[in-house]
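User: Please take a close look at the largest cavity and explain what surrounds it.

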Amino acid sequence: MWHRLQIVAVFLLPVVLVGGLYLLGLTMPVPVLGRDYVIRLDLPQPGERVGLPPVEGPADPSRPLVVIDAGHGGHDPGAVGVGFREKTLALGLAQSLRDELLREGGVRVALTRSDDTFLVLEERSEIARQLGADLFLSIHADSAGEQDEVVGASVYTLSERASSEAAARFAARENSADIVNGVALAGRSDEVSSILVDLAQRRTSGSSALFADLIVREGEGVLRFHPQARRSAALVVLRAPDVPSVLYESGFVTNPEEAARLSSPEGRRRFAEAMARAIRIYFAREAGA
Ligand SMILES: [Zn+2]
């Protein structure tokens, strides 16, 4: 009995105390420290689409759509050289390419970012997927650290090993409400999902390789390439299983001469013309395939 009273007292005492204070018109001070700091995060609802950039060019949705992604942005400058930052250089090249494609017409274009904002890697390829892009091009510039004599552009595709890993991960995603090549994965078994993703990714990596080769071919004599221009790596930004994706390292910001050239109107024009040509030939080939 005494124990029971003790237990009741333990629970009731604070209530009685606070109630008593309230009745007496007294309040207990709340610690002041930290009260001014309120962190609000606007989290998208599951399945809700992230803000998609506008699609420019012809209104006809049957026209091919290329999504151009200027690397880095916002608090992330990317590679930094003396007086040059990758995020700015990449955005300049991306905008020149967009302008060139729109000027010639026939191709729809969207930029993942058109100003100095930061996007996480997954968001970039996800924008391409959600827009139903036919091609994704991520534009970057490299750093060679102290070796400021290193110059030249390289063209990256997703390495094969990384491709299958990405496919496995993609298929295993818990929220499998995704759609790959128009086929909804939801409700399908993991095995079927991974086969579908694998098939999509195989076709995609073939197309990515074709586009990468065309960039090197069309850029020859116009753009300055690194001796080993064609490369593959496990790049997160290239992991969309159903959008052919290429990452273009335009050159080295750590080489002042190259950085200046790539930032100049003339350098941007040369890049935009060669790249637009590669994009058009790619779409013509894919349409004929
Ligand atoms: Zn970069």
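Analyst: The following describes the cavity and its lining. This is a predicted model, in which local features need pLDDT of at least 70 and side-chain atom pairs count only at pLDDT 80 or more, while totals for chains, interfaces and linings use all residues. Residues are numbered from 1 along each chain as its sequence is written, and side-chain values use heavy atoms, leaving out hydrogens and water.

Rolling a probe the size of a water molecule over the atoms shows where empty space is left. Here a cavity is a set of points, on a 1 Å grid over the protein atoms alone, where a 1.4 Å probe fits but cannot get out; lining residues have an atom within 4 Å of a point. Grid points are joined across faces, edges and corners, and a volume is the space filled by probe spheres set on the points.

The structure holds one cavity of 30 Å³ or more, and the volume of the largest cavity is about 70 Å³. Its lining consists of Val-222, Leu-223, Arg-224, Tyr-248, Ser-250, Glu-258, Arg-261, Leu-262, Gly-267 and Arg-270. By class, four of these residues are nonpolar, two polar and four charged; Ala, Val, Leu, Ile, Met, Phe, Trp, Tyr, Cys and Pro count as nonpolar, Asp, Glu, Lys and Arg as charged, and the others, Gly among them, as polar.

At least two lining residues come from each of β10, α6 (256-263) and α7 (265-288), where helices (H or I, at least four residues) and strands (E, at least two) are DSSP runs numbered from the N terminus. The largest share, three residues, belongs to α6. Strand β10 (residues 245-252) also pairs with strand β5 (residues 135-142) in the parallel sense over six bridges; pairing requires at least two bridges found by DSSP.

Key:
1 Å grid on protein atoms, 1.4 Å probe; cavity = no way out; pocket = protein on both sides within 12 Å on 5 of 7 lines; lining within 4 Å.
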